[in-house]
Amino acid sequence: MNSTAPDRLAEVRAGIAGAARRAGRAASAVELVAVSKTHPAEAIVPLLAAGQRDFGENRVQEAAAKWPALVAAYADVRLHLVGQLQSNKAREAVALFDIIHSVDRPSLVDALAAAIAAVGKRPDCYVQVSIGDEPQKGGVALGDLAALLARAAALPVVGLMAVPPDGTESAPFFALLAKLAREHGLTGLSMGMSGDYETAVELGATSIRVGSALFGARDYPAAGESG
Ligand SMILES: *Cc1c(COP(=O)(O)O)cnc(C)c1O
């Protein structure tokens, strides 16, 4: 990319503002998570300098290697885990992340509850829904959502998260996720990525997870991605 990181940030923020305006929403109601997976600290610092504070990673290990030094310099950073989480890393994830977007099965609910008690920190949690019925991407099956939410009653669940299938129109999937959240009395909607965040904002997203539009293309596919 030839543009600078602050330019790209301004562009995405303008996209959010336009979509919010079309939907009659306040742009300030949409949290922009800059997904920095696979990108080194040198690529992240310019966004920090431009005022971005919410960042997403999809692997606990990678985040643990990269972020403590950056958080020491920018104490108000909020770290989001957007990728699949193994139960045996729940404790490390709770210690490192402020928001976890990928709670998707009973064993992980239980591991996170235990980790929260042990660590003494309560990251906001989203329950990830397999909105396109793609088990390999993670997410709870639609038919199991109510039971998982009941089991997660002790967790600070703030909303639902989903990744629509590749190569399809995202809008119907975003609309379905918004409907499910409403039905369960949840206000948080983590949906929308570089290719479809404006659609997501129009359909009610409160948290969008944007990687390549801010950082450029990733050199290698990150774990947890299908492509
Ligand atoms: C990588 C990733 C993103 C960001 O994807 P881009 O298309 O680069 O914006 C968002 N959400 C999840 C869960 C991801 O794994």
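# Exercises on an aromatic pair and a ligand site

Phe55 is buried, and Trp67 is buried too (buried: under 20% relative accessible area, with a 1.4 Å probe and protein chains only). The model is predicted: local features need pLDDT of at least 70, side-chain atom pairs count only at pLDDT 80 or more, and totals for chains, interfaces and linings use all residues. Residues are numbered from 1 along each chain as its sequence is written, and side-chain values use heavy atoms, without hydrogens and water.

**Exercise 1.** Find how many aromatic pairs the whole structure has, and classify the geometry of Phe55 and Trp67.

*Solution.*
1. Rings of Phe, Tyr and Trp (its six-membered ring) pair if their centres lie within 6.5 Å. A search of the whole structure gives one aromatic pair.
2. In the pair of Phe55 and Trp67, the centres are 5.0 Å apart and the planes make 45 degrees.
3. Planes under 30 degrees apart count as stacked, over 60 as edge-to-face and the rest as tilted, so this pair is tilted.

**Exercise 2.** Determine which side chains make polar contacts with the ligand (N or O atoms within 3.5 Å), and state how much of the ligand the protein buries.

*Solution.*
1. A polar side-chain atom of Lys37 is 2.7 Å from a ligand oxygen atom.
2. For Ser194, the distance from a polar side-chain atom to an oxygen atom of the ligand is 2.5 Å.
3. An N or O atom in the side chain of Arg209 lies 2.9 Å from a nitrogen atom of the ligand.
4. Alone, the ligand exposes 390 Å², and the protein buries 91% of that (Shrake-Rupley method, 1.4 Å probe).

How values were computed:
A polar contact is a pair of N or O atoms within 3.5 Å; within protein, one must be able to donate a hydrogen and the other to accept it, and residues adjacent in sequence count only if both atoms are side-chain atoms. Buried means under 20% relative accessible area, exposed over 50%, partly exposed in between (1.4 Å probe, protein chains only).
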